[in-house]
Amino acid sequence: MTFQKLGSFIGVSALLLTITSGAQAQFTWTDWTASTATTATGTMGSVGVGFTGNLFTPAVQTSGGTNLWTGTAYSATGAPPTSDVIAIGSAASGFTQTINFGSPVVNPILAVLSLGSSSAPTTWTFSSAPAILSQGASFFGGTN
């Protein structure tokens, strides 16, 4: 999953969607375990996950902290079960932020905690069109 992002920092947690025929969807959230200013690593079940780009390190949480995953925004998937979050920082025009998976993942879901504001607009460009599953207020407020 590759995207370009301009503007203020955001918090994200990738997750793997697993559907068994005739069963309700099962979600496995990323357990972010380590980060630097430009990388983050973790696992989704048995799948390795890596981020490269620009992280806003003061807001990264890989082992505890304030649970920011509250509010109505996660109605389609439910909120992540832990406080893990990577905060993607501002990037110069054209800077690429990338999430890589250790093995193929079909239709990954990206939970976005906060994305820009009226004073700090944000633009994302994905390598393929995303679908918005749900949106709403989160820890920082907002309506969509």
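# Why these labels fit

Q: In the hairpin of strand 5 and strand 6, which residue takes a positive phi, and how many residues lie between the strands?
A: Gly45 takes the positive phi, near 60 degrees, and two residues lie between the strands. Strands are DSSP runs of E with at least two residues, numbered from the N terminus.

Q: What kind of model is this, and which residues count?
A: This is a predicted model: local features need pLDDT of at least 70, side-chain atom pairs count only at pLDDT 80 or more, and totals for chains, interfaces and linings use all residues. Numbering starts from 1 along each chain as its sequence is written, and side-chain values use heavy atoms, without hydrogens and water.

Q: What makes strand 5 and strand 6 a pair?
A: Two strands pair if DSSP finds at least two bridges between them. Six bridges join strand 5 to strand 6, so the rule is met. The two strands run antiparallel. Thr39 stands opposite Thr52 in strand 6.

Q: How do you know that strand 4 pairs with strand 5?
A: Four bridges join strand 4 (residues 31-35) to strand 5, and these strands also run antiparallel. Ser35 stands opposite Ala40. Three residues lie between the strands of this hairpin.

Q: Why is Gln97 called buried?
A: Buried means under 20% relative accessible area, exposed over 50%, and partly exposed in between (1.4 Å probe, protein chains only). Gln97 has 0% relative accessibility, so it counts as buried. Gln97 is in strand 8. A polar atom of its side chain lies 2.7 Å from the backbone nitrogen of Asn54.

Q: Which side chains of strand 5 are buried, and which are not?
A: The side chains alternate along the strand. Ala40, Gly42 and Met44 point to one face and are buried. Thr39, Thr41 and Thr43 point to the other and are not.

Q: Why is the pair of Trp69 and Tyr74 called edge-to-face?
A: The structure holds one aromatic pair. Its ring centres are 5.4 Å apart and its planes stand at 70 degrees, so the pair is edge-to-face. Rings of Phe, Tyr and Trp (its six-membered ring) pair if their centres lie within 6.5 Å; planes under 30 degrees apart count as stacked, over 60 as edge-to-face and the rest as tilted. Both Trp69 and Tyr74 are buried.

Q: What makes a nonpolar core, and how many residues has the largest?
A: A nonpolar core is a set of buried Ala, Val, Leu, Ile, Met, Phe, Trp, Tyr and Cys residues joined through side-chain atoms within 4.5 Å. The largest has 17 residues; Phe51, Ile86 and Phe101 have the most contacts inside it.

Methods. Polar contact = N/O pair within 3.5 Å; in protein donor to acceptor, adjacent residues only side chain to side chain.
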